[in-house]
Amino acid sequence: MLDHKVLSRLGGILLAWGLLAAAPAQAQHTILHTEQSPFSPIIVYELAGERCMAFGTFLGAGRQTCQDVKAPRRMVFDYTRMMMSALLTQPQPERILVIGLGGGTLPRAYAELLPKARIDVVEIDPAVVKIARTFFHFQPSDRVRVHEADGRQFVQDAVRAGTRYDLVLLDAFDVDYIPSHLTTREFLAEVKTLLAPGGVLAANTFTGSTLFERESATYAEVFGPTYNLRSGNRVILAANGPLPDAAALQRNLQTWKPRLTPYGVDLERELGRYGPPPDWPRDTALLRDGVDTKTPSLQ
């Protein structure tokens, strides 16, 4: 952990408990739970028919999970719908790795849609696992296994064990951004080794990150061409091998469109967001281990 993160989280604790004390006067939201985990204060609240989890404070920069209280299956965030569109690039994954649990939206949906798939979920914070189970309908099973571990260490151990995945979903955020050791060229090379031939990585990032160009250059260095979807967040789709062409994407869309509609995923809209990464200067520095340890700011 970086020292400035610790300071940020200490401030978040004070704001979180201040909000809790003020909650009765603010009828528009209801705080259901607060918890001080080893990593960040966590707040679970309901607002406008949505139940949400936030790191740091209710008034902070972002929400890690939101769920429609009356329709828990319907996805609230654009980025989760974009991440589900990874089925256009890998339509029948049998082994899936999810790094970063949040409220469990993605592993829960993939488990429902792919009843024969085996899913490993890696979450470093035990408090997040507990909250996902208690407040967001996430239930581990024989097919959906949760590993309380650092995502990078899990990937390295899996590579050494010879494990291979058809689909890897990278959705790990702390209170600031993606942990820096999950952004580097070396980490992405480890993930590529973990992918089966034709396997796909779907990575949730931000369009407004000051690392946008360096992220693009780093993914291109490891994977070559990528698909990029943007709507506030950016989802990068990369493959261990060639990405499917337009005709294959259309075929997969016809297979998956009716099955994803109950989740609020409009695959035609998501496919319309597919595009190459933006251009970046040829001298753009890659993100590297041992060099990039600072948390990026958001523009």
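Accessible areas are those obtained by the Shrake-Rupley method with a 1.4 Å probe. In this predicted model, the protein chain exposes about 13,200 Å², and carbon and sulfur atoms supply 53% of that area.

**The chain as a whole**

The secondary structure of the protein chain consists of nine helices and 11 strands. Of the 299 residues in the chain, 53% are buried. Among contacts between residues at least 6 apart in sequence, 68% join residues at least 24 apart.

**Helix H5 and its surroundings**

Helix H5 comprises residues 151-161, and its buried residues are Gly151, Arg152, Phe154, Val155 and Ala158. Seen down the axis of H5, these buried residues fall within an arc of 160 degrees, so they line one face of the helix. The face turned away from this buried side carries the exposed residues Arg160 and Ala161.

Against which elements do the buried residues of H5 pack? The table lists these partners, four strands and one helix.

| Element packed against by the buried residues of H5 | Residues |
|---|---|
| Strand E5 | 95-99 |
| Strand E6 | 118-122 |
| Strand E7 | 144-147 |
| Strand E8 | 165-170 |
| Helix H6 | 185-194 |

**The two ends of H5**

At the start of H5, a side-chain oxygen of Asp150 reaches to within 3.0 Å of the backbone nitrogen of Arg152. Arg152 is also one of the buried residues of the helix. After H5 comes Gly162, whose phi is positive, near 80 degrees.

Conventions. Residues numbered from 1 in each chain as written. Predicted model: local features only at pLDDT ≥ 70, side-chain atom pairs only at ≥ 80, totals over all residues. Heavy atoms only, no water. Buried < 20%, exposed > 50% of the residue type's maximum accessible area, 1.4 Å probe, protein only. Arc of directions from axis to C-beta. Contact = heavy atoms within 4.5 Å. Polar contact = N/O pair within 3.5 Å; in protein donor to acceptor, adjacent residues only side chain to side chain.
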